[in-house]
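Reader: Please show me how to read the contacts and backbone features of a structural model.

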Amino acid sequence: MTPDETTAMQQHPSRVTSHESRLCWTLALLLLAPALVWAQGTLSVGSKRFTESYVLGEIITQTAAKAGTAQVVHQQGLGNTAILHAALKAGAIHVYPEYTGTIAFELLGLKRVPPLAELNRMLANDGLAVGVPLGFANSYALAMVATQAASLGIGRLSDLARHPQLRLGLSQEFLNRKDGWEALKAAYAMPFSPRGLDHGLAYEALAAGQLDVIDVYSTDAKIERYKLTVLQDDRSFFPAYDAVLFYRLDVPARFGATWEAVKGLEGRITARNMIAMNAAAELDRTPFAQVAAGFVVPQDPGSPLAGKPRQPSFLEVLLAPDLGRLTAEHLLLVFVSLALSVAVGMPLGIWAERAPRARGAILGAAGILQTVPALALLAFLIAAFDRIGTLPAIAALFLYGLLPIVRNTQSGLADIAPALREASLVLGLPPAARLRLIELPLASRSILAGIKTSAVINVGTATIAAFIGAGGYGERIVAGLAVNDHAMLLAGAIPAAAMALILQWGFDGLDRWLVPAGLQEK
Amino acid sequence: MTLVSLDGVSKSYGGVPALAPISMEFPAQRVVVLIGPSGCGKSTLLRMIVGLVAPDTGRITIGGEALTKENAARLRHGIGYVIQEGGLFPHLTAEENVALLPRFLRREGSWIASRLAELAELAQLPAASLKRYPRDLSGGQRQRVGIMRALMLDPPLLLLDEPLGALDPITRYELQGELKRIFAALGKTVVLVTHDMHEAAYFADDIVLMREGRVVQRGSAADLLERPAEPFVRDFLRAQRAGLPPT
């Protein structure tokens with residue numbers, strides 16, 4: 001498997017869940033608030049943006065907190081492997097759940113998954129380590145309905161060759177990859193010609209009896225729901241994606257007792273456990289924290305936490321208590337970055353106008369910045385700042401906000417009528433005074449339009465800040481996307497759109513106030 | 001006494017000569033009008049005096065001081081410059097336009113106010129117009145404000161580039177009379193560019209007729225009419241008279 005393909009596998013769209021109850025958000029609030037003022041003595045746990053990672057992150061967090069010797073925060077759903085890896089190296093987080101295959105293929109660029117000791121030798125240079133295998137693997141696998149498998153006597157992949165009548169349905173991605181179906185077919189001498197279909201439909205097609213065998217991740221939530229048997233990979237064709245903890249080498253020494261407690265998780269989670277927990281989070285919409293709590297502190301069946309949560313209405317999700325905090329965080333991100341963009345963008349625009357030779361370079365650089373993918377920019381900035389959270393998020397927004405301001409400042413100045421330029425020159429005003437008294441006011445409409453564009457775009461772009469734990473409405477969007485919960489997604493997207501509209505109106509008002517009356521349209 | 005003198009100044013754009021080497025003097029307190037067909041170099045000449053165009057060769061002296069890049073800003077404080085439509089800044093009211101430079105130079109508020117009132121009276125601009133933005137003024141009013149702005153610091157030298165070019169005939173006629181009165185009252189050294197021979201004859205102590213970057217003839221209107229230096233002078237005057245009823 002190539003690194004890209006392993007990523008695609010790890011972040012499969014079928015990982016569906018929800019965690020929209022108030023309880024969850026209150027917990028999230030309690031857990032995330034301290035993240036903004038992270039202190040030395042606090043163990044910071046990270047997680048990626050899919051159900052299993054959220055649940056494991058919670059389990060680590062709660063286990064560590066139960067030890068009672070250190071503050072523990074969970075920075076949930078921080079984004080993709082690159083961001084988590086950067087955050088870990090920078091010390092912004094201390095530990096997060098990862099898979100050996102991902103570390104070997106994506107981070108180390110290996111062609112196979114070596115034993116843990118070998119991985120650790122390679123990671124030691126970066127001050128990182130892997131360990132505490134949790135007891136299950138989340139590998140690629142084939143699965144079929146349990147009753148059918150039992151009646152045909154199929155338990156292993158090698159058994160399939162004896163049943164050429166079986167109908168295989170595989171995801172296009174697996175089907176078309178050279179180390180996918182063709183390699184698997186050769187390894188097990190399979191006699192099938194499989195159909196390609198969307199993975200989201202595969203379970204339903206299997207349940208409806210239209211297919212007999214599909215490809216899955218070995219801890220998919222739906223395995224239990226559809227009563228499937230995961231076929232044993234008896235010729236070790238699929239690489240191992242053993243769930244482990246990925247942590248900084250200094251963690252065991254810094255968090256002695258707490259780390260001992262976390263190490264107690266070794267071997268404790270079976271594939272069956274994990275499937276059940278994924279199903280609880282994804283299919284029953286039990287909040288991650290509650291799913292984890294059920295593992296860390298087994299509940300009485302009668303306790304209030306054990307029951308299914310009530311489905312909250314959309315309005316309740318939208319107006320959940322975290323709305324105020326998210327709004328404040330979002331405004332902070334947008335306005336601090338906008339202020340920086342203005343403070344840097346206007347001088348750059350003026351410079352670009354004054355120095356035709358620098359113009360191409362300045363406008364080109366600002367333009368190229370806008371084309372850098374957000375996640376790549378964030379990963380780079382995390383490394384540059386050695387931390388995650390608000391600072392790199394603001395830096396990213398600042399860079400994205402530059403172009404409209406630089407360009408509009410430059411073009412606004414360039415569009416000043418030559419006669420007016422001369423009129424200010426022949427008055428005998430020095431250059432700085434001409435700029436302040438004549439040129440900037442004349443270009444004010446254009447400059448303000450650039451700032452407005454930048455602000456409105458920023459409101460949208462700021463939602464990505466949630467990938468690196470900087471909060472804002474993106475928290476809801478990211479959570480909603482990760483678990484395919486449309487209500488949660490909309491509860492983040494609607495306030496963001498509303499903020500963009502309000503900003504737009506606000507700037508129209510500001511226009512009337514800031515643009516000199518003599519330049520206003522009548 | 002000479003206020004401005006040009007000494008062998010020339011200018012070409014991309015190898016095409018716009019102005020042949022010209023030497024010329026502008027005596028103090030006289031009105032000199034530069035006239036000629038489009039592209040004759042009359043505006044280029046005027047713009048050179050205020051430092052908007054740098055000559056390729058030669059030297060410009062204003063009040064005995066050679067004009068350079070370094071002293072241009074200071075020397076401009078002694079030059080009033082008026083262009084078509086007044087060249088007013090649209091983001092400033094009439095009053096703010098006129099008071100821009102003295103305010104920047106930190107002249108006293110009371111001095112500025114009294115100077116404004118004085119000039120408004122001179123230019124016959126109603127007080128209410130001073131509070132308006134240029135777009136709310138008529139063409140004639142804009143030009144009056146432009147003239148006030150040029151005169152604000154009481155500069156000895158006044159340069160006007162087709163100041164009445166964009167005005168309707170009636171306003172133009174009115175303003176001609178007022179400009180002439182202002183020139184006479186203030187005793188400024190004036191260089192005015194126009195393409196209209198009647199206007200030139202009306203204002204000028206001295207007319208400079210130019211063609212293709214050269215001076216063809218310099219003299220009074222009567223000189224040009226009665227003693228043309230070249231056939232072109234007669235042709236130019238005749239063309240200017242065409243369309244008028246025979247007298």
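Author: The dialogue below takes up a chain contact, a helix pair and a backbone angle. This is a predicted model, in which local features need pLDDT of at least 70, side-chain atom pairs count only at pLDDT 80 or more, and totals for chains, interfaces and linings use all residues. Residues are numbered from 1 along each chain as its sequence is written, and chains are lettered from A and ligands numbered from 1 in the order in which they are written.

Reader: How many residues does each chain bring to the contact?

Author: Two residues are in contact if their C-beta atoms, placed from the backbone, lie within 7 Å. Here 19 residues come from chain A and 19 residues from chain B. Helices are DSSP runs (H or I, at least four residues), as are strands (E, at least two), numbered from the N terminus. On the side of chain A that touches chain B, α21(A) gives the most, with 6 residues.

Reader: How do the axes of α18 and α20 of chain A cross?

Author: Axes are lines fitted to C-alpha atoms, for helices over the stretch in contact, and angles run from 0 to 180 degrees between N-to-C directions. The axes of α18 (residues 356-371) and α20 (residues 390-414) of chain A come within 8 Å and cross at roughly 140°.

Reader: Is Lys227(A) buried or exposed?

Author: A residue is buried if 20 or more other C-beta atoms, placed from the backbone, lie within 10 Å of its own, exposed if 12 or fewer, and partly exposed in between. Lys227(A) has 11 and is exposed. Its phi is near 50°, a positive value in a residue other than glycine. Arg106(B), also not a glycine, has a positive phi of about 60°; with 7 C-beta neighbours inside 10 Å, Arg106(B) counts as exposed.
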